[in-house]
Amino acid sequence: MKQPVRVVVTGAAGQISYSLLFRIAAGEMLGSDQPVILQMLEITPALEALKGVAMELDDCAFPLLHGMVITDDPNVAYKDADFALLVGARPRGPGMERKDLLEANAAIFSVQGKAINEHASRDIKVLVVGNPANTNALIAQRNAPDINPRQFTAMTRLDHNRALTQLAQKTGSSINDITKMTIWGNHSSTQYPDISKALISGEAAEPKVEQDWYRNEFIPVVQQRGAAIIKARGASSAASAANAAIFHMRDWALGTAEGDWASMGVYSDGSYGIAEGLIYSFPCVCKNGDWEIVQGLEISDFSSEKMKATETELAEERDAVAHLLP
Ligand code: NAD
Ligand code: LMR
């Protein structure tokens, strides 16, 4: 049996975490041979509810759960942490864009970044889920100057999964047959879900659908799916968000499937002309616990325009939080 790893989950008494924690403890994120210690962070008023969640985790008798920490102090939560899922933040309500949360949530992520810098393992893998996820990841990263910026990522896997299902349903194919889906840019309504590189059973997907459907239905449906769920459910997505977080971390830690890639919000190195330092979603291949942006993809004028639009929004978000970026 491997040594246990320390996994931080923030917002641990919230609705996403209620789906997430149990799956991590069951081994779905890091594998059935990897014991975990859950280090759960909440704000003080939610600690009582978090104790209840911990009682339920106890009652599952998960063989891989080797310990739990419950705290309202980020300095305790991040101690020696190997993985961190930053979920704790306010969700949006009907009629809001995710960036409307910037003011409410941004400050949380500078605190998290500082605590990571001070206390976490130097190899920590960080996934930011709390919205606006890309810019919150940027804030955390910039507040952790001693950690490699490549270790801060933002979640666009939910968008990736949404895009897979829309394409599978449209073409009557199975999710298992689709590879090389891409989400470019921000986890927001400017994101660009791109099927131009996607394959269905090894054949190009784009010719199998009408351009009108692709441009006027598929793209807006994926871009607006979060809002559609808030409208239908009266609360933002939770189980599907937790599932995407599991998939993101699992691929990063254990590798993407052969012949496929994952969409991940990662530190831009200038690939595809995207401004260096933004946390931008690219197609990434993961291997040996590391990710690489897939290089050399041909970019059409249509794609280029869409990729630029979402980059512009991310640059605007970055500029709006300049006071939190040391
Ligand atoms: P929730 O309100 O149910 O839970 C959030 C929890 O965070 C609460 O329990 C709250 O007490 C806690 N919290 C607030 N400030 C904190 C802090 N400083 N430290 C630790 N904990 C803190 O919300 P939720 O539905 O679980 O959503 C959480 C976030 O995830 C929201 O911002 C939401 O918009 C976002 N989200 C992102 C994606 C994505 O794809 N990236 C998908 C779904 C939701
Ligand atoms: C989602 O995509 O479901 C989440 O980011 C929640 C939201 O605000 O849309």
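A residue counts as near a molecule when one of its heavy atoms lies within 4 Å of it. That's my rule for both ligand shells below.

**Setup.** I'm working on a predicted model, where local features need pLDDT of at least 70, side-chain atom pairs count only at pLDDT 80 or more, and totals for chains, interfaces and linings use all residues. Residues are numbered from 1 along each chain as its sequence is written, chains are lettered from A and ligands numbered from 1 in the order written, and side-chain values use heavy atoms, with hydrogens and water left out.

**Ligand 1.** I listed its neighbours: there are 24 residues around ligand 1, and Q15, E42, R90, V129 and N131 come nearest. I sorted that shell by class (Ala, Val, Leu, Ile, Met, Phe, Trp, Tyr, Cys and Pro as nonpolar; Asp, Glu, Lys and Arg as charged; the others, Gly among them, as polar). I got 13 nonpolar, nine polar and two charged residues around ligand 1.

Next I looked at polar contacts, meaning pairs of N or O atoms within 3.5 Å; within protein, one must be able to donate a hydrogen and the other to accept it, and residues adjacent in sequence count only if both atoms are side-chain atoms. A polar side-chain atom of Q15 sits 2.7 Å from an oxygen atom of ligand 1. On the backbone side, I found a polar atom of G11 at 3.3 Å from a nitrogen atom of ligand 1, and a backbone N or O atom of V129 at 3.2 Å from a nitrogen atom of ligand 1. On its own ligand 1 exposes 860 Å², and the protein buries 86% of that (Shrake-Rupley, 1.4 Å probe; for residues, only the protein chains shown count as cover).

Where does ligand 1 lie relative to domain 1 and domain 2? Both domain 1 (5–154) and domain 2 (156–321) give residues to its shell, so ligand 1 lies between them. The bounds come from an automatic or database domain assignment.

**Ligand 2.** Around ligand 2 I noted R92, R98, N131, L158, R162, H187, G226, I230, S236 and S237. By class that shell has two nonpolar, five polar and three charged residues.

Which side chains did I check against its oxygen atoms? R92 puts a polar side-chain atom 2.5 Å from an oxygen atom of ligand 2, and R162 does so at 2.7 Å. For H187, a side-chain N or O atom is 2.6 Å from an oxygen atom of ligand 2. Ligand 2 has 260 Å² of accessible area on its own, and the protein covers 94% of it.

I also checked the domains: domain 1 (5–154) and domain 2 (156–321) each give at least three residues to the shell around ligand 2.
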